[in-house]
Amino acid sequence: MIENKNLTDSSENGANYDVLVIGGGIAGAEASLNLANMGYQVLLVEKDLSLGGKMIHLSKVFPTLDCAACITTPKVSETMRHPNIKIMTNSIVEEIGRNGDGSFTAKVVKKPRYVIEENCTGCQECEDKCPVVVEDQYQYGLVGRKAVYVPFSIASPRIVAIDIENCILCGLCEKVCPADAIDFTQEIEEIPIKIKSVIMATGFNLFEPEVITRYGYGKFKNVVTSMEMERQLVPTRPYNSVLRPKDGKMPENIAYVLCVGSRDRTVGNPICSQVCCMYSIKQAQLLLGALPMADVTIYYLHIRAFGKGFCEFYQQGVGMGVEFVKGKIGRIHEKEDGNLLLRYEDIEEGVVKEAEHDLVVLSVGLLANPETKGMFSSDNLALDDFKYVKQVDELINPAKTSIDGVFVAGAASGPMDIPDSILSAGAASSETASYIRRYHEK
């Protein structure tokens, strides 16, 4: 039975909560549920239109190859339904300041969906009638979407949003909406809140490979990122099979380039992203299942299969026929037929070689989310040398930050995989509950 320790004003104008969780990915959802089950009132703020973070867009997870959405969706649904959790999507947090009693005040900026959320049923009749088609950012530009749209099929909440920048204001969506939910008069809302503690679960950003011009991303259509490939492997994929972007052909010889934007001082990210080796091996195994006649080659510097079951997962990939080449890619050239010529140094033989592939996947690394900087108005949230939230007591209390009452969860503190993010969220929620009991429940 859930105990309500601190029932607060549930109105959005000047509401009080026990904990503010910033970020609705797997770490933010886990931390919110842990605290809500203890009876604390939680405000979960997510900048996107849906909870789930990046995990909800993945195909499967390594090394078990369990369905990522099958893990994420129940967790998100439980978060959505919990009576002790208030969720604000399409919102950002600004100006967090500390009060004299150790509590915090903050401002939540809620952006308009131009849809009355409580009225929308997600029927998508408005989407069917909308005449405007733009690139779908949730499918990484592989297909289009309407200017009035549900973000993706398993979005939570399943509520339509209007892309006002691309909307032509034709009014068709408003005319056909059976719930009368379209509201073009909505404006940005600034909502003041008061909280006792804060959890930073702001996650990470993916490296943008356009920075490394020699790989040709953005110039050569058959050079794609690992997330673009991920979207072709998920059950909700835009196509029925894996296809080359340039001509729509099924690839037969696929190359993976590891450490793109990781372990590279020239692009400002000298650390290992920890997940690239394993998600590349995961995708290689899924590709061999989807395209049994294809060849998959992974060009690597070192394979870092350090986690539980990771080495066995790597050996499983070798056994399935994935070719591993210890080589550093120097440059990628495009041929007239769209195939790609990789010029690389074979590290084991010490010679320069060339190899032709019809599709190249860049295994991009993880970067710190810059949104954490400047979020606090009265205190300075310390960052480490790589711009992640600094763990000031990494061994004994990894959730602790430089500000008392502020804790960090998941990849906001550094690159980590999904199980480690969930464990980190557990640590953050435990420390948050302990902090509230010590300083606010006397």
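Student: What makes the pair formed by the side chain of threonine 401 and the backbone oxygen of valine 406 a polar contact in this predicted model?

Tutor: A polar atom of the threonine 401 side chain lies 2.7 Å from the backbone oxygen of valine 406. The cut-off for a pair of N or O atoms is 3.5 Å, so a distance of 2.7 Å falls within it.

Student: Why is threonine 401 called buried?

Tutor: Its relative accessibility is 1%. Buried means under 20%, so threonine 401 qualifies.

Student: Where is threonine 401, and which residues does it touch?

Tutor: Threonine 401 sits in the loop between β21 (366–368) and β22 (406–408). Leaving aside residues up to four places away in sequence, threonine 401 touches Leu381, Val389, Lys390, Val392, Val406, Phe407 and Val408. Contact here means heavy atoms within 4.5 Å.

Student: Lysine 387 is in the loop between β21 and β22 too. Why is lysine 387 called exposed?

Tutor: Its relative accessibility is 61%. Exposed means over 50%, so lysine 387 counts as exposed.

Student: What makes the phi of lysine 387 worth a remark?

Tutor: Phi of lysine 387 is near 75°, a positive value in a residue other than glycine. Most residues other than glycine have a negative phi.

Student: Which other non-glycine residue has a positive phi, of about 55°?

Tutor: Aspartate 180. It lies in the loop between α4 (172–176) and β12.

Student: How do you know whether aspartate 180 is buried or exposed?

Tutor: Set its relative accessible area, 54%, against the cut-off. Exposed means over 50%, so aspartate 180 is exposed.

Student: And isoleucine 191: buried or exposed?

Tutor: Buried. Its relative accessibility is 3%, and the limit is under 20%, so the label follows. Isoleucine 191 belongs to strand β12 (residues 189–200). Its C-alpha atom is 9.5 Å from that of valine 93, and the two residues are 98 residues apart along the chain.

Student: How do you know that the bond from phenylalanine 62 to proline 63 is cis?

Tutor: Look at omega: it is near 0°. Proline 63 lies in the loop between β3 (60–61) and β4 (66–67).

Student: What is omega for the bond joining serine 156 and proline 157?

Tutor: About 5°, and this peptide bond is cis. Proline 157 is in the loop between β10 (148–149) and β11 (161–162). Most peptide bonds are trans.

Student: Why are β14 and β19 called edge strands?

Tutor: Start with their sheet. It is open, has seven strands and runs in the order β14-β20-β15-β16-β17-β18-β19, with mixed pairing. β14 (223–225) and β19 (351–357) each pair on one side only. Neighbouring strands of this sheet are turned by 40° against each other on average, direction ignored.

Student: How do you know that β14 and β20 pair?

Tutor: Count the bridges. Three join β14 to β20 (residues 359–364), and the two strands run parallel. Pairing takes at least two bridges, so three are enough. Valine 223 stands opposite valine 360 in β20.

Student: What about β18 and β19: parallel or antiparallel?

Tutor: Antiparallel, over seven bridges, with β18 covering residues 340–346. Leucine 341 stands opposite glutamate 356 in β19. The hairpin of β18 and β19 has four residues between the strands, and glycine 350 in that hairpin takes a positive phi near 75°.

Student: What makes β1 and β2 a pair?

Tutor: Four bridges join β1 (residues 15–22) to β2, and they run parallel. The minimum is two, so β1 and β2 pair. Leucine 20 has leucine 43 as its bridge partner in β2.

Student: Which way do the residues of β2 point?

Tutor: Val42 and Leu44 point one way from β2 (residues 42–45), Leu43 and Val45 point the other way, and all are buried.

Student: Why is the protein chain called as compact as a globular protein of its length?

Tutor: Its secondary structure comes to eight helices and 22 strands. The radius of gyration is 23 Å, and the globule rule gives 22 Å for 442 residues. The two values are close, so the chain is as compact as a globular protein of that length. Of the 442 residues, 53% count as buried.

How values were computed
Residues numbered from 1 in each chain as written. Predicted model: local features only at pLDDT ≥ 70, side-chain atom pairs only at ≥ 80, totals over all residues. Heavy atoms only, no water. Axes fitted to C-alpha atoms, helices over the stretch in contact; angles between N-to-C directions. Buried < 20%, exposed > 50% of the residue type's maximum accessible area, 1.4 Å probe, protein only. Polar contact = N/O pair within 3.5 Å; in protein donor to acceptor, adjacent residues only side chain to side chain. Rg over C-alpha atoms; globule rule 2.2 N^0.38 Å.
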